Each structure stands twice: as C-alpha cells, then as structure tokens.
Amino acid sequence: MPEQHVPRAVVLGGSLAGLLAAHVLADVYPEVLVVDRDELAGVAGPRRGVPHGRHAHGLVARGQQILEKQFPGLLGDMEAAGIRPGDFSGDIRWYFNGMLLSPARTGLLSVPCTRPVIERVVRNRVEKVRSIRFLEQHDIVGLATTPGAGRVTGVRVQPRDGRSGVELLTADLVVDTTGRGSRTPAWLEELGYARPAEDKVKVDLAYTTRHFRVPRDPFGRDIAIIAAATPSHPRGAFYYRLPGDDGLVELSLTGVLGDHPPTDPDGFLEFVRSVPVPEIYESVRVAEPIDDAVMFRFPASVRRRYERLTRFPDGLLVMGDAVCSFNPVYAQGMAVAAIQSRALAEQLTKSAVPSPVAFFRDIAREIDSPWDFAATADLGYAGVPGPRSAKVRFINAYVTRVQRAAVHDPSLTNALMRVAGLIDEPTALLRPGRILRTLRRSGRPAPAPAPLVAAHD
C-alpha cells in the first residue's frame with residue numbers, strides 16, 4: 001500500500017514570529033516542523049541568529065493581550081520567570097523631550113524584559129504541543145517547487161555540522177519567519193518571480209547595552225525608566241530590572257544618524273550623562289558593571305511590499321520581520337508579529353493552504369498603522385532622508401505638542417500610551433477634546449524636575 005500522506009507545515013525560523021506561526025498552524029496540521037540554524041532547546045541566553053536579542057525589549061499592550069489569549073496563563077509564566085509586568089504608563093517613568101510625562105493608569109500591561117526570556121517562556125508553551133517539533137542547527141538551503149515553480153512543495157536544509165548532505169523536507173505549506181535576512185526575495189527571483197518592492201527609512205540607529213549590579217534600587221515602585229528619543233533630544237535610554245532579586249539591571253542606550261553610544265566604559269558613561277534623565281546617570285555611575293557593553297546597529301526600517309505582487313507561488317507565506325522590520329525603539333516588532341499570527345489563524349479557517357494574495361493583503365492592513373506611525377516619527381529627524389509631506393510635518397509638530405501637554409495632563413499621557421501600545425489608531429490623538437487639551441496645556445512651562453526616588457538599602 002502507498003504511504004499515507006500526512007499534511008505538514010514547515011516554519012523557517014524559531015524566533016517569536018516563528019513560534020507564534022507554529023502554534024496556530026498546529027490547529028490545522030498534524031505535523032508542524034520549525035527549522036532554525038541555532039540551538040533552541042534549553043537555551044536561556046541570546047542566540048547568534050538574533051543579534052538584537054542582547055538589547056532592551058518590551059512587549060507592548062496589544063501584543064501582550066494577543067499572547068495571553070493564545071497562551072492562557074502566559075502572564076503567570078512570565079512572572080514565574082522573574083518578569084515584572086506593569087501598567088504601560090502608571091508603572092513606567094516616561095520622559096519625552098527631557099520632560100517627565102504625568103503618569104496615568106492606562107489599564108494596559110507592558111512587559112519589559114530581555115528577548116531571550118520572553119522567547120523561552122513562549123517556546124516552553126509551544127514545545128508542549130504534540131504536533132510541533134523542532135529541527136535545530138540546520139541551515140536553510142532553498143525551496144523545492146513543482147515544475148514551473150507554481151507551488152512550493154518543501155524546503156531543502158542541511159545540518160550545520162556538515163555531517164550529512166542536503167535533505168528535502170516536503171511540506172504542504174512553508175512559512176518564512178527568518179527576519180530581516182530573509183532570502184525569500186532572492187528565491188522568488190530565482191524562480192522567475194518579481195522581488196517585492198521595499199520601503200526604507202534610513203535611521204542609522206545603534207543600541208549599546210550593558211548590565212550592572214546596583215547598590216540601591218533606582219526604580220522604587222516603577223518597573224522601568226525610559227527616556228524616549230525625540231528630534232529635540234535624540235539620545236535615548238531604556239533602564240529596567242532583570243529577573244531576580246540580586247540588583248541586576250539592564251541599560252540600553254540609543255543614538256540615531258551615526259551618533260552611536262560608545263562601547264568603551266568612559267564613553268558609555270559619558271553618553272549616559274548626556275541623556276536628559278539625571279536619575280539614570282546617578283544610578284549607573286555608582287553601579288558595578290558585570291559585563292562589557294555590546295552594540296547592535298540598525299541601518300534602516302524596511303517594509304517589503306508582498307501585497308503588491310501580482311504573482312506569487314502557492315504554498316509559501318512570509319511573516320514577521322521578514323515582511324516588515326520596524327525601528328526597534330518603538331517596540332512594535334513582537335506585537336505586530338503577534339497580530340500577524342492572528343491573521344494567519346483567520347486565513348487557516350478558510351484553507352489549510354491560505355492564498356498568499358489574501359494573506360499578504362490582510363497583514364498589510366495590520367502593518368499600515370504601526371509602519372506609518374514609526375516612519376512619520378523618524379522623518380521628524382532632519383537627517384533622515386525621505387519626503388516630508390505637509391501631513392507628515394503637521395503630525396510631527398502636533399505630536400510634539402501632545403507630548404509637552406502630557407507633562408501636565410495624565411489623560412494625554414494615557415492617549416499617547418494607547419497609541420504606542422497599538423491599542424488605538426494615531427488618529428485618536430486628533431479627537432476634538434484631546435486637541436483642546438493639547439492647545440491649552442502645551443504652552444505651560446515644564447515643572448521643576450522631581451526629586452530622585454528614594455533609594456532602598
């Protein structure tokens with residue numbers, strides 16, 4: 001008797017987008033295989049394939065909501081791993097343009113954490129799904145297709161240790177979640193298809209991160225201190241506790257347009273002092289460094305316009321950073337990957353092999369708002385190349401006024417955080433009542449800096 005075909009989906013890449021894709025695919029496919037070049041099982045620290053994993057990450061409100069729905073009780077798993085979620089505004093000290101926003105209880109949760117921790121927590125859940133298995137330490141060589149390349153039928157992989165040759169993994173559906181370095185555009189070209197057009201916003205950003213042991217708690221009841229980079233104050237910082245009770249903290253500094261935070265100890269500390277939040281410098285200057293600073297460079301935000309292609313092979317989808325890689329200072333990437341996983345789940349209710357055209361159309365609609373939000377904000381920096389329409393100039397000027405007004409008005413802080421958390425559309429800032437509050441309060445002088453939070457011995 002001929003061997004019975006068992007439907008299988010193959011996910012390329014085991015990062016968060018890949019884990020989320022595998023989880024929703026398992027509702028349809030009796031076998032889901034996740035392929036990654038790195039070792040995954042039991043890995044607690046940064047992975048080579050995720051160089052930005054060494055730097056500050058945050059799961060904003062909408063992403064947290066989707067993950068909690070997809071994995072009920074996940075928040076408890078995070079807390080058990082030492083992560084301390086908190087209110088997106090009320091438990092974070094937000095500084096914009098060197099001014100502390102008036103705190104507001106948003107009712108939205110933020111999860112400041114390291115990337116390896118959140119991946120591990122989600123991966124622990126995904127590994128428990130019987131139909132999902134992982135193929136680690138394998139390079140992805142290329143796609144297999146039908147004659148004429150009308151349909152993808154699998155993927156060719158090879159062990160990284162070189163002990164065996166190329167292996168063909170047949171699949172009914174292949175989902176590429178390999179991130180910014182995705183080779184799908186090149187594979188399409190090799191197969192006779194067009195590459196997707198790309199939108200780019202060149203920010204020339206760098207993150208530089210170092211970990212410290214602080215003698216006194218700089219946070220008090222807060223979970224993080226964030227100096228958001230803005231055109232008037234382009235140096236930023238993300239400062240928060242690491243899991244555990246041993247006084248360890250992570251500080252990620254950001255700089256754009258080539259103004260990169262140095263990795264040498266003196267240069268790093270001098271950069272910290274230049275950030276307009278003195279309490280971060282006062283904490284770090286007396287702290288004990290526990291490692292050397294490391295830098296991650298991010299040259300440009302990139303959006304690949306798969307939804308505009310008129311031809312695309314069946315049996316292949318692309319998700320996550322492989323479709324759209326956002327400026328990481330806005331913390332949108334993980335949340336948008338979660339949103340895309342819901343779009344995939346919806347498409348899978350219609351067909352086990354979703355139409356690429358329909359899928360790319362759906363996720364494009366979800367990407368539009370966060371992409372426009374980030375791209376418009378980046379164009380507020382004079383050195384970022386790109387056209388600035390009257391709309392872009394108006395939005396950036398208006399948002400700056402909202403930020404200034406939010407120093408005095410917690411309702412405007414709440415409005416800003418709901419947009420940043422991908423709960424509300426940016427147009428929510430243009431509601432008449434908020435415009436009026438902004439006009440009334442944005443001209444007020446900034447209050448005197450608050451005294452530093454009392455440290456705890």
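This note sets out, point by point, the sheets and helix contacts of a predicted model.

1. Confidence of the model. The chain has a mean pLDDT of 90, and 92% of its residues reach 70 or more. One stretch calls for caution: over residues 450-457 the pLDDT is below 50. Beyond near neighbours in sequence, residues 450-457 have 13 contacts in the model.

2. The parallel sheet. Five strands make up an open sheet, and their order is β8-β2-β1-β12-β19. The pairing in this sheet is parallel. The strands at the edges are β8 (132-135) and β19 (316-318); each has a single partner strand, so one side of each is left without a neighbour in the sheet. On average, neighbouring strands of this sheet are turned by 20° against each other, direction ignored.

3. A pair within the parallel sheet. Strand β1 covers residues 8-12 and strand β12 covers residues 173-176. These strands pair in the parallel sense over four bridges. To locate the pairing in the structure, the reader may start from Ala-9, whose bridge partner in β12 is Leu-173.

4. A helix across the parallel sheet. Which strands does α1 lie across? They are β1, β2 (31-35), β8 and β12. Relative to β1, α1 runs at about 170°.

5. Helix α1 against helix α4. Helix α1 spans residues 16-25 and helix α4 spans residues 115-127. Their axes come within 10 Å and cross at roughly 15°. Angles under 35 degrees count as roughly parallel, and α1 is therefore roughly parallel to α4. The crossing of α1 past α4 is left-handed. On the α1 side, the contact is made by Leu-16, Leu-19, Leu-20 and His-23; on the α4 side, it is made by Arg-115, Glu-119, Val-122, Arg-123 and Val-126. Sorted by class, the contact of α1 with α4 has five nonpolar, one polar and three charged residues.

6. The antiparallel sheet. A further open sheet has three strands in the order β9-β10-β11, with antiparallel pairing. Its edge strands are β9 (138-145) and β11 (167-170), each of which pairs on one side only. From one strand to the next, the twist averages 30°.

7. Bridges in the antiparallel sheet. How many bridges join β9 to β10? There are seven, and the two strands run antiparallel. One of the bridge pairs sets Ile-140 opposite its partner Val-157 in β10. Strand β10 (residues 152-159) also pairs with β11 in the antiparallel sense, over four bridges. In β11, Gly-154 has Thr-170 as its bridge partner, and Val-157 has Glu-167. Val-157 is thus a useful residue to follow by eye, with Ile-140 as a partner and Glu-167 as a partner in β11.

8. The hairpin of β9 and β10. Six residues lie between the strands of this hairpin. Gly-148 takes a positive phi near 90° there.

9. Helix α10 against helix α11. Helix α10 covers residues 390-406 and helix α11 covers residues 410-420. Their axes come within 7 Å and cross at roughly 135°. Angles over 145 degrees would count as roughly antiparallel, and 65 to 115 as roughly perpendicular; the crossing falls in neither range, and α10 is therefore oblique to α11. In the contact, Val-402, Gln-403, Ala-405 and Ala-406 of α10 meet Leu-412, Thr-413 and Leu-416 of α11. These residues divide into five nonpolar, two polar and no charged.

10. Helix α11 against helix α12. Helix α12 comprises residues 432-441. The axes of α11 and α12 come within 10 Å and cross at roughly 125°, which makes α11 oblique to α12. The crossing is left-handed. Ser-411, Leu-412 and Ala-415 of α11 make the contact with Arg-434, Arg-437 and Thr-438 of α12. By class, there are two nonpolar, two polar and two charged residues in the contact of α11 with α12. Leu-412 of α11 takes part in the contact with α10 and also in the contact with α12.

Note on methods
Residues are numbered from 1 along each chain as its sequence is written. This is a predicted model: local features need pLDDT of at least 70, side-chain atom pairs count only at pLDDT 80 or more; totals for chains, interfaces and linings use all residues. Side-chain values use heavy atoms; hydrogens and water are left out. Two strands pair if DSSP finds at least two bridges between them. Axes are lines fitted to C-alpha atoms, for helices over the stretch in contact, and angles run from 0 to 180 degrees between N-to-C directions. A crossing is left-handed if the near helix is turned anticlockwise from the far one by less than a right angle, and right-handed if clockwise. Contact means heavy atoms within 4.5 Å. Ala, Val, Leu, Ile, Met, Phe, Trp, Tyr, Cys and Pro count as nonpolar, Asp, Glu, Lys and Arg as charged, and the others, Gly among them, as polar. pLDDT is the predictor's confidence in each residue, from 0 to 100.
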